[in-house]
Amino acid sequence: MISAQVLSTTSLTLGWVAYVPLLLWAVARTRWVELFTDRRRQHLLFGTVFALFALWLVRRDFDTGVSYHFIGMTAVTLLLDWPLAILGGFFAQLGLMALGRQDLAALGVNGLLIIGLPVLITEVCAILVERAQPRNLFVYIFCSGFFAAALSALLCLLAAMGLLWLDGRFAMPEWLTDFVGYLWLIIFPEAFINGMVVSALVVFCPEWLETFNRTRYLQAPWKDDA
C-alpha cells in the first residue's frame, strides 16, 4: 500500500481514471438478483469484507510512506468470483479510509495494485485450469490457490516498485540490490495463506467456491471409467 505523499499527481489521477471504470464494470457484472435473494451469499460477502479489512489492518508501516501487508484477494476471488471480489475489496478500502489508514487520493492506485491486479491474475489462472479440465482437485488448489497468490504477490510488488521508480519521489533503499532474496519472504506467506484457505474451503465447504467444479473434482472414482 502506497501513501499519496510519495506518488505524483499524474499517477494518482491515472489510478482513479483506471479504477473507477473497473468498479463500474464490476457493478455491471454482479448478479444482484442472486445476491439479494441468497442470504448465504450475502453473509459470504460481508464476512469477506470484514476479513479483508482485518487482514489489511495487520501491516507494517514504514516512515517512507509505503506499507506492507498480505493481500488475500486470491482466496476472495475464488470464493466470490471476480465482480464481487472487486467490490468487496473496495468496501474494505473504504473501511481503512474511515480509520485514516489509507489516503483518499491514493485509493485508486492502491485499488489497482492490491485488488485489480490480484483479481486479474487469479481469474486468468482459474480460467486456464478450468479449460484444462483436470480431475485432480489438488491441481485446482495449487494452480488457482497457491500459484495464483504467489504470482499476484510478486507482480503486485514489482508493479508498486516500478511505479515508485517512475515517479522518482521515493528514496529507494540501499538494500534494493538484495531485493530478490527478500522476495521469497513475501511470496511464500501470501501463497501459503491463500492456499490454506482455499484448501479448507474445498474440504469443508466446496459449495461456497464459485470457481470450483464439484461435479468433476468430487465425483466418485468409478465414474472415471464411464
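Where is the place of Gln133? Hi everyone, let's begin there. Gln133 sits in the loop between helix 6, residues 107-132, and helix 7, residues 137-167. Please keep in mind throughout that this is a predicted model.

Now, the backbone. Phi of Gln133 is near 50°, a positive value, and this residue is not a glycine. Why point that out? Because most residues other than glycine have a negative phi. Is Gln133 buried or exposed? With a relative accessible area of 52%, Gln133 is exposed, because the cut-off for that word is over 50%.

Let's move to another loop. Asp81 lies between helix 4 and helix 5, the latter covering residues 82-98. Asp81 has a positive phi too, about 75°, and it is not a glycine either. As for its surroundings, Asp81 has 18% relative accessibility, so it counts as buried, the limit being under 20%.

Helix 4 brings us to Met73, which lies in that helix. How buried or exposed is Met73? Its relative accessibility is 0%, so Met73 counts as buried. You can also find Ile86 from here: Met73 and Ile86 are 13 residues apart in sequence, and their C-alpha atoms are 8.8 Å apart in space.

Next, have a look at a pocket. The second largest one has a volume of about 280 Å³. It is lined by 14 residues, and those closest to its centre are Ala51, Gly72, Ala75, Val76 and Val197. Which helices each supply at least two residues of this lining? They are helix 3 (39-57), helix 4 (73-80) and helix 8 (179-204). Helix 3 gives the most, with 6 residues. And what is the lining like by class? We have 10 nonpolar residues, 4 polar ones and no charged ones.

Let me finish with one residue from that pocket, Val197, which lies in helix 8. Val197 is among the residues closest to the pocket's centre, and it also belongs to a nonpolar surface patch. Its partners in the patch are Phe188, Phe192, Ile193 and Met196, and the patch covers about 460 Å². How can Val197 be part of a surface patch? Its relative accessible area is 38%, so Val197 is partly exposed, and patches are made of residues with over 30%.

So, when you turn the model on your screen, try finding Val197 in helix 8, then Met73 in helix 4, and then the loop that holds Gln133. Thanks for listening!

Terms used. Residues are numbered from 1 along each chain as its sequence is written. This is a predicted model: local features need pLDDT of at least 70, side-chain atom pairs count only at pLDDT 80 or more; totals for chains, interfaces and linings use all residues. Side-chain values use heavy atoms; hydrogens and water are left out. On a 1 Å grid over the protein atoms alone, a cavity is a set of points where a 1.4 Å probe fits but cannot get out, and a pocket is an open set with protein on both sides within 12 Å along at least five of seven lines; lining residues have an atom within 4 Å of a point. Grid points are joined across faces, edges and corners, and a volume is the space filled by probe spheres set on the points. Helices (H or I, at least four residues) and strands (E, at least two) are DSSP runs, numbered from the N terminus. Ala, Val, Leu, Ile, Met, Phe, Trp, Tyr, Cys and Pro count as nonpolar, Asp, Glu, Lys and Arg as charged, and the others, Gly among them, as polar. Patches are made of residues with over 30% relative accessible area and no salt bridge: like charges are joined within 9 Å, nonpolar side chains (Val, Leu, Ile, Met, Phe, Trp, Tyr) within 5 Å. Accessible areas come from the Shrake-Rupley method with a 1.4 Å probe; for residues, only the protein chains shown count as cover. A salt bridge is a side-chain nitrogen of Lys or Arg within 4 Å of a carboxyl oxygen of Asp or Glu. Buried means under 20% relative accessible area, exposed over 50%, partly exposed in between (1.4 Å probe, protein chains only).
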